[in-house]
Every structure is written in C-alpha cells, then in structure tokens.
Amino acid sequence: MSKNYYILLGNGFTIDLIDFFAKKKEIEINVKNLFSNGELVPWPGNDKPGFLSYRYCPNLWTLGARPNMSD
C-alpha cells in the first residue's frame, strides 16, 4: 500500500527563500516590501519600466499596492 505525502509551503517560506538567495549572491532585495521597486521592473510585453502601475496591474493597484509604500 502506498501513501502520498504533500508539503505545503506558504508565502513566509517563499520570502525567506528569496532573502536567503539574495544574501548568498550579495544583492539587496527588500523582502518586507516586494513592491518597493515595482515601477522599475520592465513589463514583459514591451520591456518598458512600470510593472507595478495601474496600466499593467490594475488589480494590485486597486488593492493598494504602490511602489512608494512603507514596509
């Protein structure tokens, strides 16, 4: 008889993992506010900066996600 085991990992694990790899590569990623540089990230469709903007992510914008949010 075989058994299936599942491991569920949430956002906390993901954020800690990003922080771990960022420190290993000596780059700075603000894991407390992943939107802090959202206006600098290029949109994949046209490579223009502004990933976190009302134009490209209206649902996140409506929820209150802004590049200038405090941690």
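1. Helices here are runs of at least four residues that DSSP labels H or I, and they are numbered from the N terminus. With that in hand, you can place Asp47: this residue sits in the loop between α1 and α2. Please keep in mind as you read that this is a predicted model.

2. Let's begin with the whole protein. It has 2 helices and 0 strands. Its radius of gyration is 16 Å, well over the 11 Å that the globule rule gives for 71 residues, so the protein is more spread out than a compact globule. The C-alpha trace spans about 55 × 30 × 25 Å along its principal axes, which you can look for by turning the model on your screen.

3. Now for the surface. Of the 71 residues in the protein, 15% are buried. The accessible surface comes to about 6,400 Å², and carbon and sulfur atoms account for 58% of that area. As for charge, there are 8 positive and 7 negative side chains, and the centres of these two sets lie 7 Å apart.

4. Contacts along the chain are worth a look too. Take the contacts between residues at least 6 apart in sequence: 22% of them join residues at least 24 apart.

5. Does the length of α1 agree or disagree with what its residue count predicts? The helix has 14 residues, which at 1.5 Å a residue should span 20 Å; the C-alpha atoms at its ends are 20 Å apart, so the two values agree. Just after α1 comes Glu26, which has a positive phi, near 55°.

6. A second positive phi belongs to Asp47, where the angle is near 60° and the residue is not a glycine. This deserves a friendly flag because most residues other than glycine have a negative phi. Asp47 has a relative accessibility of 60%, and it counts as exposed because that value is over 50%.

7. Is Gly38 buried or exposed? Gly38 is buried, because its relative accessible area of 7% falls under 20%. You will find Gly38 in the loop between α1 (11–24) and α2 (58–63). Beyond its neighbours within four places in sequence, Gly38 is in contact with Gly50, Phe51 and Leu52. Phe13 is another matter: the C-alpha atoms of Gly38 and Phe13 are 21 Å apart, with their positions 25 residues apart in sequence.

8. Glu39 lies in the loop between α1 and α2. With a relative accessible area of 33%, Glu39 is partly exposed. Which residues does Glu39 touch, not counting those up to four places away in sequence? They are Pro49, Gly50, Leu52 and Pro67. Try finding Phe51 as well: Glu39 and Phe51 are 12 residues apart in sequence, while their C-alpha atoms are 5.8 Å apart.

9. The last stop is Ile27, also placed in the loop between α1 and α2. Its relative accessibility is 47%, so Ile27 counts as partly exposed, a label for values between 20% and 50%. From the C-alpha atom of Ile27 to that of Gly45 the separation is 26 Å, and the two residues are 18 apart along the chain.

Conventions. Residues numbered from 1 in each chain as written. Predicted model: local features only at pLDDT ≥ 70, side-chain atom pairs only at ≥ 80, totals over all residues. Heavy atoms only, no water. Rg over C-alpha atoms; globule rule 2.2 N^0.38 Å. Buried < 20%, exposed > 50% of the residue type's maximum accessible area, 1.4 Å probe, protein only. Contact = heavy atoms within 4.5 Å. Areas by Shrake-Rupley, 256 points an atom, 1.4 Å probe, with all protein chains shown as cover. Lys, Arg positive; Asp, Glu negative; His and termini not counted. Charge placed at Lys NZ, Arg CZ, Asp CG, Glu CD. Expected span 1.5 Å × (residues − 1).
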